[in-house]
Amino acid sequence: MKKILVVEDTPAIRENVTEYLELSGYEVVIAANGQEGWSLLQSEKPDLVICDVKMPVLDGFEIKERANQEDALKNIPFIFLSAAAQKTDIAKGQDLGAIVYMTKPFDMNELLTWVDKA
């Protein structure tokens with residue numbers, strides 16, 4: 001069973017994504033902020049990270065930048081979810097190596113398609 005870390009500071013989105021993934025047969029670990037997400041990424045070493053970009057303390061880009069510097073974490077795929085739809089944000093997510101940068105609101109079925117591909 002694929003283990004997915006969901007890092008999202010908006011409770012409703014975090015809960016909806018978690019429930020959808022669990023109902024689709026995935027094991028889900030959740031973090032309510034970037035710092036918690038970074039800690040869980042290091043300890044859980046999930047198969048995939050679904051991560052919000054704009055979060056206080058530690059944002060999604062910073063988490064991916066840190067992961068890219070760690071041999072044990074750099075190959076874990078990331079999916080970014082964000083309300084920030086500027087081309088510069090999308091390009092930065094892609095430059096960091098995300099498999100996809102999805103803008104909010106997003107379609108759960110499309111998210112699941114990317115999760116299945118990862």
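**View 1. Met55 sits in the loop between strand 3 and helix 3.** In this predicted model, the Met55 side of the story is one of cover: with a relative accessibility of 9%, Met55 counts as buried, because buried means under 20%. Setting aside residues within four places in sequence, look for its contacts with Val7, Glu8 and Asp9, with Asn33 and Gly34, and with Gly60 and Ile63. Gln35 is worth finding too: 20 residues separate Met55 and Gln35 in sequence, and their C-alpha atoms are 9.4 Å apart in space.

**View 2. Val57 shares its stretch of chain with Met55: the loop between strand 3 and helix 3.** Is Val57 buried or exposed? Val57 counts as exposed, with 72% relative accessibility, whereas Met55 counts as buried. The backbone deserves a look as well, since Val57 is not a glycine and still has a positive phi of about 70°. As background, most residues other than glycine have a negative phi.

**View 3. Lys45 lies in the loop between helix 2 and strand 3.** Here is another residue that is not a glycine but has a positive phi, this time about 45° for Lys45. Its relative accessible area is 44%, so Lys45 is partly exposed.

**View 4. A cis peptide bond joins Lys104 to Pro105.** The omega angle of this bond is near -5°. For context, most peptide bonds are trans. Where should you look for Pro105? Follow the chain out of strand 5 (100-103), and you will meet Pro105 in the loop that comes before helix 5 (108-117).

**View 5. Phe78 belongs to the largest nonpolar core, which has 23 residues.** Which residues have the most contacts inside this core? They are Leu41, Ile63 and Phe78. Several elements give two or more residues to the core: strand 1 (3-7), strand 2 (27-31), helix 2 (34-44), strand 3 (48-52), helix 3 (60-68) and strand 4 (78-82). Zooming in on Phe78, and leaving out residues up to four places away in sequence, you can trace contacts to Leu41, Leu48, Val49 and Cys51, then to Ile63, Lys64 and Ala67, and finally to Ala98, Ile99 and Val100. Ile63 also appeared in the first view, as a contact of Met55.

**View 6. Another core, of 16 residues, lies apart from the largest one.** Good starting points for finding this core are Leu21, Val28, Ile50 and Leu81, which are among its members.

**View 7. Stepping back, the protein chain has five helices and five strands.** Reading from the N terminus, the order is β-α-β-α-β-α-β-α-β-α. The C-alpha atoms fill a box of roughly 30 × 30 × 25 Å along the principal axes. The radius of gyration is 13 Å, which agrees with the value near 13 Å for a compact globule of 118 residues. Of these 118 residues, 47% count as buried. Among contacts between residues at least 6 apart in sequence, 62% join residues at least 24 apart.

**View 8. The accessible surface of the protein chain comes to about 5,900 Å².** Carbon and sulfur atoms account for 49% of that surface. As for charge, the chain has 12 positive and 20 negative side chains, and the centres of these two sets lie 5 Å apart.

Notes. Residues are numbered from 1 along each chain as its sequence is written. This is a predicted model: local features need pLDDT of at least 70, side-chain atom pairs count only at pLDDT 80 or more; totals for chains, interfaces and linings use all residues. Side-chain values use heavy atoms; hydrogens and water are left out. Helices (H or I, at least four residues) and strands (E, at least two) are DSSP runs, numbered from the N terminus. The radius of gyration is taken over C-alpha atoms; the globule rule is 2.2 Å times the number of residues to the power 0.38. Buried means under 20% relative accessible area, exposed over 50%, partly exposed in between (1.4 Å probe, protein chains only). Contact means heavy atoms within 4.5 Å. Accessible areas come from the Shrake-Rupley method with a 1.4 Å probe; for residues, only the protein chains shown count as cover. Lys and Arg count as positive and Asp and Glu as negative; His and the chain ends are not counted. The place of a charge is taken as NZ of Lys, CZ of Arg, CG of Asp or CD of Glu. A nonpolar core is a set of buried Ala, Val, Leu, Ile, Met, Phe, Trp, Tyr and Cys residues joined through side-chain atoms within 4.5 Å.
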